[in-house]
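Subject: Handover of a structure and its findings

Dear colleague,

Please find below the structure that I am handing over to you. After it I set out what was found, in an order that should be convenient to follow with the model open.

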Amino acid sequence: MTYCIGMRLNEGLVFLSDSRTNAGVDQVGTFRKMSVFENPGDRMLVLMTAGNLSISQAIRQIVSEHVDADGRSIWNVASMYDAARIVGEAVRTVHLREAKALADCGIDFNVSIILGGQIGAERCRLFQVYSAGNFIESHDENTYFQIGEAKYGKPIIDRVINPFTRLDEAAKCALISMDSTLRSNISVGLPLDLLVYETGSLAVTRFVTIDEKNQYFRMIRDTWGEQLKQVFEGIVDPVWNAAPETTTNVLSSANMHSKPVRVAIPEHVSRGGLTVAPLQSLAQQFSDDKQH
C-alpha cells in the first residue's frame with residue numbers, strides 16, 4: 001500500500017507521495033511513486049501511482065514512450081485532458097495484456113493514479129484515473145485527490161484546504177496528513193517525495209525527498225502531536241445529568257429520557273442486587289423519541 005496526495009489551488013499544485021510498497025516482519029519494499037514529465041517552458045506533469053507495483057510501472061513506461069496513430073504522446077498533447085486520456089489508454093492497454101494472467105493467480109488488477117500539471121497557457125489541472133482507465137477532474141468543490149491508504153490523512157485536508165490556500169500552507173497540510181497516516185499504518189513509509197508547483201512556471205521549482213533526518217518534517221511530527229494534545233486537553237469535560245437550568249457543556253440533562261437498549265437477562269442467569277430502569281425495546285425507544 002502507499003499514500004499519495006495531489007492538491008489543485010489557485011496558486012498552483014502540491015504533490016506528495018510515500019515510497020513503501022509492502023510491509024512485513026522481515027520485508028519492506030521501497031519504490032518511488034512520483035514521476036515527473038517535464039519539458040521546461042512547455043509543460044510540467046506529475047504522475048503518482050498506488051496499487052500493484054508491476055501494473056504501475058508498466059503504465060508509467062507506456063505513458064512515457066507511447067505515440068499513438070495520430071502522433072499524440074504525453075509530450076505533445078495540447079491539454080491536460082488529453083494527457084489524462086493517454087494515461088487512461090495506457091491503463092486499458094496494461095489491463096488487456098495482464099489482467100487475465102493476474103486473475104489466474106488470484107491477483108486483482110489494482111491501480112489508482114493521480115495526474116496533474118500544466119501545459120502551455122492552459123490552467124493547472126488535476127485528475128484521478130481509475131483501474132478501468134476512466135478519470136475525473138478536480139474542481140473548486142473538490143480541490144484534492146488521495147490514493148492508497150487515504151483515510152487517516154483525510155480529516156486535516158477537509159478542514160484546511162480550499163482553492164485560496166497558499167502553496168506553503170498546502171504543503172504543510174499535506175505533510176501533516178502524511179504524518180497522521182505514517183503513525184497509523186505500517187504500509188506507508190518514508191522517504192517521501194514532495195513537489196510544489198507554481199502556476200505558470202512550466203518547470204519544477206520546488207522539490208524535496210524527505211527522509212527521517214529531514215529537519216522540517218521532524219518538527220512537524222513533534223509539534224503536531226503536541227499541539228493536538230494541548231487542544232484536546234483544552235476542551236472541557238462533558239456535564240452529565242445536568243440540572244435543567246444548566247446551559248453550558250451539557251452532554252445529558254436530568255430531564256432527558258435516554259435509555260440504552262438492554263438485552264433481557266436469561267432465566268438461568270442469577271440476577272444481581274441492583275435495580276435498573278425498565279427494559280426498553282427499539283420500538284419503544286423510537287416511540288419515546290417522538291413523544292419527548
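**Findings**

Leu 202 counts as buried, because its relative accessibility is 11% and the cut-off for a buried residue is under 20%. Leu 202 sits in the loop that links strand 11 to strand 12 (206–210). Its phi angle is near 55 degrees, which is a positive value in a residue other than glycine. Please bear in mind throughout that this is a predicted model.

**The protein as a whole**

The secondary structure of the protein consists of six helices and 12 strands. Along the principal axes, the C-alpha atoms fill a box of roughly 80 × 45 × 45 Å. The radius of gyration of the protein is 26 Å, whereas a compact globule of 292 residues would have a value near 19 Å. Of the 292 residues, 41% are buried. Among contacts with a separation of 6 or more, 60% join residues that are 24 or more positions apart.

**Two pairs of packed helices**

Two packed helices are described by the angle between their axes and the distance between the axes. Both values are given below for each pair.

The first pair to examine is helix 1 (residues 53–65) with helix 2 (residues 80–104), which pack at an angle of about 140 degrees with their axes 9 Å apart. Helix 1 is therefore oblique to helix 2. The crossing of helix 1 and helix 2 is right-handed. On the side of helix 1, the contact is made by Ile 55, Ala 58, Ile 59, Ile 62 and Val 63. Helix 2 contributes Val 87, Ala 90, Val 91, Thr 93, Val 94, Arg 97 and Leu 102. By character, the residues of this contact divide into 10 nonpolar, one polar and one charged.

The other pair is helix 4 (residues 167–184) with helix 5 (residues 215–234), whose axes come within 10 Å and cross at roughly 70 degrees. An angle of 65 to 115 degrees counts as roughly perpendicular, and helix 4 and helix 5 are therefore described in that way. The crossing of helix 4 and helix 5 is right-handed. Helix 4 makes the contact through Lys 172, Leu 175, Ile 176, Asp 179, Ser 180, Leu 182 and Arg 183. The residues that helix 5 brings to the contact are Tyr 216, Phe 217, Ile 220, Arg 221 and Trp 224. Here the division is seven nonpolar, one polar and four charged.

Gly 225 also lies in helix 5. With a relative accessible area of 35%, Gly 225 is partly exposed. Gly 225 and Ser 180 are 45 residues apart in sequence, and their C-alpha atoms are 9.2 Å apart in space.

**Residues in the loops**

Several loop residues also deserve your attention.

Is Thr 143 buried or exposed? Thr 143 counts as buried, because its relative accessibility is 4%. This residue lies in the loop between strand 9 (135–137) and strand 10 (144–148). Leaving aside neighbours within four places in sequence, Thr 143 is in contact with Gly 6, Met 7, Arg 8, Leu 126, Ser 138, Ile 161, Asn 162 and Pro 163.

Asn 134 belongs to the loop between strand 8 (125–129) and strand 9. Asn 134 counts as partly exposed, at 39% relative accessibility. Not counting residues up to four places away in sequence, Asn 134 touches Arg 92, Gln 128 and Val 129. Asn 134 and Cys 105 are 29 residues apart in sequence and 25 Å apart in space, C-alpha to C-alpha.

The peptide bond from Leu 190 to Pro 191 is cis, with omega near 0 degrees. Pro 191 is found in the loop between helix 4 and strand 11 (192–198).

Asn 241 lies in the loop between helix 5 and helix 6 (282–291). Its phi is near 50 degrees, a positive value in a residue other than glycine. Asn 241 is exposed, because its relative accessible area is 59% and exposed means over 50%.

Yours sincerely,

A colleague

Key:
Residues are numbered from 1 along each chain as its sequence is written. This is a predicted model: local features need pLDDT of at least 70, side-chain atom pairs count only at pLDDT 80 or more; totals for chains, interfaces and linings use all residues. Side-chain values use heavy atoms; hydrogens and water are left out. Axes are lines fitted to C-alpha atoms, for helices over the stretch in contact, and angles run from 0 to 180 degrees between N-to-C directions. Helices (H or I, at least four residues) and strands (E, at least two) are DSSP runs, numbered from the N terminus. Angles under 35 degrees count as roughly parallel, over 145 as roughly antiparallel, 65 to 115 as roughly perpendicular and the rest as oblique. A crossing is left-handed if the near helix is turned anticlockwise from the far one by less than a right angle, and right-handed if clockwise. Contact means heavy atoms within 4.5 Å. Ala, Val, Leu, Ile, Met, Phe, Trp, Tyr, Cys and Pro count as nonpolar, Asp, Glu, Lys and Arg as charged, and the others, Gly among them, as polar. The radius of gyration is taken over C-alpha atoms; the globule rule is 2.2 Å times the number of residues to the power 0.38. Buried means under 20% relative accessible area, exposed over 50%, partly exposed in between (1.4 Å probe, protein chains only).
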